[in-house]
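Student: I'd like to learn how to read a fold like this one, feature by feature. Can you take me through it?

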Amino acid sequence: MSLMKLTAVELGKKIQSGEVSAVEAVQESLARTKALEESIHAFVNLDEENALRKAAEVQKRIEAGELTGPLAGVPVAIKDNMCTKGVLTTCSSRILGNFVPTYTSEAVINLEKAGAIMTGKANMDEFAMGSTTETSAFGETKNPWNLNHVPGGSSGGSCAAVAAEEVSFALGSDTGGSIRQPSSFCGVTGIKPTYGTISRYGLIAYGSSLDQIGPIAKDVTDCAAVLETIASYDSKDSTSVKREKYDFTSALVDDVKGMKIGIPADFFGAGLNEDVKKAVLHVAEVLKSKGAEVEEFDFKLVTDYAIPAYYVIACAEASSNLSRFDGIKYGYRTEDYTDLHNMYKKTRSEGFGPEVKRRIMLGSFVLSSGYYDAYYLKALRTKALIKQEYDKAFGKYDVILAPAAPTTAPRLGDSLSDPIQMYLSDIYTISVNLAGLPGVTVPCGMDSSGLPIGAQLIGDCFKENTILRAAYAFEQSRDYVRCDLAKKGVN
């Protein structure tokens, strides 16, 4: 059996036992990636030479008893907005097309300490702005389940790489659902932890108050193991939170007796695909059969105001964060300019793609004199109200069950023709980021076209173990459905 068909934890155990080596695992990962990349394009670049060198080093340390963790020797893809020392980091943008960082992001450092081996940088929507991985300056990523459909975004490359079994797991980042939505579209599991749980040091920012790194893997066990590895307090990140415990694997028990699960009735109304609705409500029935209490509740304020509040805040922060890309310090610089102002203008015009420009302009507008109070401050007040609604809900429920997206993966090109529709596709995920909460997506079925559906489980702040327990309990009720690329004539 191919090593890439194993989960990350299963592969880690085989490497620890000596059945296979870290070098063999990485070689197989790289070979499969190179065979599939022409069809899927999950990566911006592969780091083959470094990966094989590190695999040999890690294998020696495993044999010496220095590395005993579950991820030692396991291949991983890193989303291309996390800095990696000496390795090209582009955010899938032309403006960073030649940027090689001199430092590594803290989350990736934690993986390296555990012995995981990065094989390459995963494709993404440019600067994480998009829901389909079609806004990348280096070409779109395709959904392994159907190459005519998108993988979701912005962590679409990471999710596609895991679904296609090019790597054992991946890291993504989530600003408004960018881990959870593509996980749903690609039939994998992804978790966005509580804001501040994982250091943002080295993560190239989109919306600083919303961004959070998280794991993407085949199952809940892998996600818990990866989360336990990368979560840590970091003094280099002013938003990093010092938690008492970073033990997430202890939540992997098939027991939800007495757990109270709330279903927001407003999330299941108009606009939700019928196949998605049935699949997500089936999750509720499974958990209910295992002893959980399930109840509907009103969540209208969140449904009505999350989208406008999110896009005002996120675009405002993006406008500020992306002002540093000016052609002076690093990255792309236009070749033909007359003066400094002209150089700024031409560099940014040529370096940024249409979606990034759209969000910068929107953000600059809501922050401008005369509109700051009317839009930005009002959005911040709405954000506070949304957090209050969640607080109210978690006064009654342990977990909130919702769809991860209103539909399954759309066809390539459909979303780009209607940006507003693309923004609305985030309706079930963005409020979680506004409130700083943890959320996990687990595969829960297939639609009539054979595309995956994911259910989202949302928890209160620092209650990752609660949603992991619920997700794990549901996962035990069904077999993992593998994306069979051979049937599609891809491999």
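Student: Where does glutamate 165 lie?

Tutor: Glutamate 165 lies in the loop between H5 and S4. Helices (H or I, at least four residues) and strands (E, at least two) are DSSP runs, numbered from the N terminus. Before we go on: this is a predicted model, where local features need pLDDT of at least 70 and side-chain atom pairs count only at pLDDT 80 or more, while totals for chains, interfaces and linings use all residues. Residues are numbered from 1 along each chain as its sequence is written, and side-chain values use heavy atoms, with hydrogens and water left out.

Student: Okay, what is phi of glutamate 165?

Tutor: General idea first: most residues other than glycine have a negative phi, and most peptide bonds are trans. Glutamate 165 has a phi near 60 degrees, a positive value in a residue other than glycine. At 2% relative accessibility, glutamate 165 counts as buried; that word means under 20% relative accessible area, with exposed over 50% and partly exposed in between (1.4 Å probe, protein chains only).

Student: Which other loop residue has a positive phi without being glycine?

Tutor: Look at alanine 128, with phi near 65 degrees. Alanine 128 sits in the loop between S3 and H5, and it is buried as well, at a relative accessible area of 4%. The loop between S3 and helix H5 (156–163) is also the place of serine 154. A cis peptide bond joins glycine 153 and serine 154, with omega about 5 degrees.

Student: How do I read the sheet, and what is its strand order?

Tutor: Strands of a sheet pair through backbone hydrogen bonds, either parallel or antiparallel. Two strands count as paired if DSSP finds at least two bridges between them. Here you get an open sheet of 11 strands with mixed pairing, in the order S1-S3-S2-S4-S6-S5-S10-S11-S9-S7-S8. Its edge strands are S1 (43–46) and S8 (293–297), each pairing on one side only. From one strand to the next, the twist averages 30 degrees. At the S1 edge, three bridges join S1 to S3 (residues 117–122), running antiparallel, and phenylalanine 43 has alanine 122 as its bridge partner in S3.

Student: What packs on the sheet?

Tutor: Helix H7 does, touching S4, S5, S6 and S10, and its direction makes about 145 degrees with that of S6. Contact means heavy atoms within 4.5 Å. For the angles, axes are lines fitted to C-alpha atoms, for helices over the stretch in contact, and angles run from 0 to 180 degrees between N-to-C directions.

Student: Let's zoom in on S5. Which residues are on each of its faces?

Tutor: In a regular strand the side chains alternate between the two faces of the sheet. For S5 (residues 189–192), Thr189 and Ile191 are on one side, Gly190 and Lys192 on the other, and all are buried. S5 pairs with S6 (residues 212–217) in the antiparallel sense over two bridges, and glycine 190 stands opposite isoleucine 216 in S6. S5 is also joined to S10 (residues 439–446) by three bridges, again antiparallel, with valine 440 of S10 as the bridge partner of isoleucine 191.

Student: And helix pairs? At what angle do H8 and H15 pack?

Tutor: Angles under 35 degrees count as roughly parallel, over 145 as roughly antiparallel, 65 to 115 as roughly perpendicular and the rest as oblique. H8 (residues 274–289) and H15 (residues 464–475) pack at about 90 degrees, with their axes 10 Å apart. That makes H8 roughly perpendicular to H15. His282, Val283, Val286 and Leu287 of H8 meet Ala470, Ala473 and Phe474 of H15.

Student: How do H9 and H12 cross?

Tutor: The axes of H9 (residues 300–321) and H12 (residues 372–394) come within 8 Å and cross at roughly 135 degrees, so the two helices are oblique to each other. The contact includes Leu301, Tyr305 and Ala309 of H9, and Tyr375, Ala379 and Lys383 of H12.

Student: One last residue: is proline 75 buried or exposed?

Tutor: Proline 75 is buried, with a relative accessible area of 0%. Proline 75 lies in strand S2, and among the residues it touches are Met4, Leu11, Ile117 and Phe169, not counting those up to four places away in sequence.
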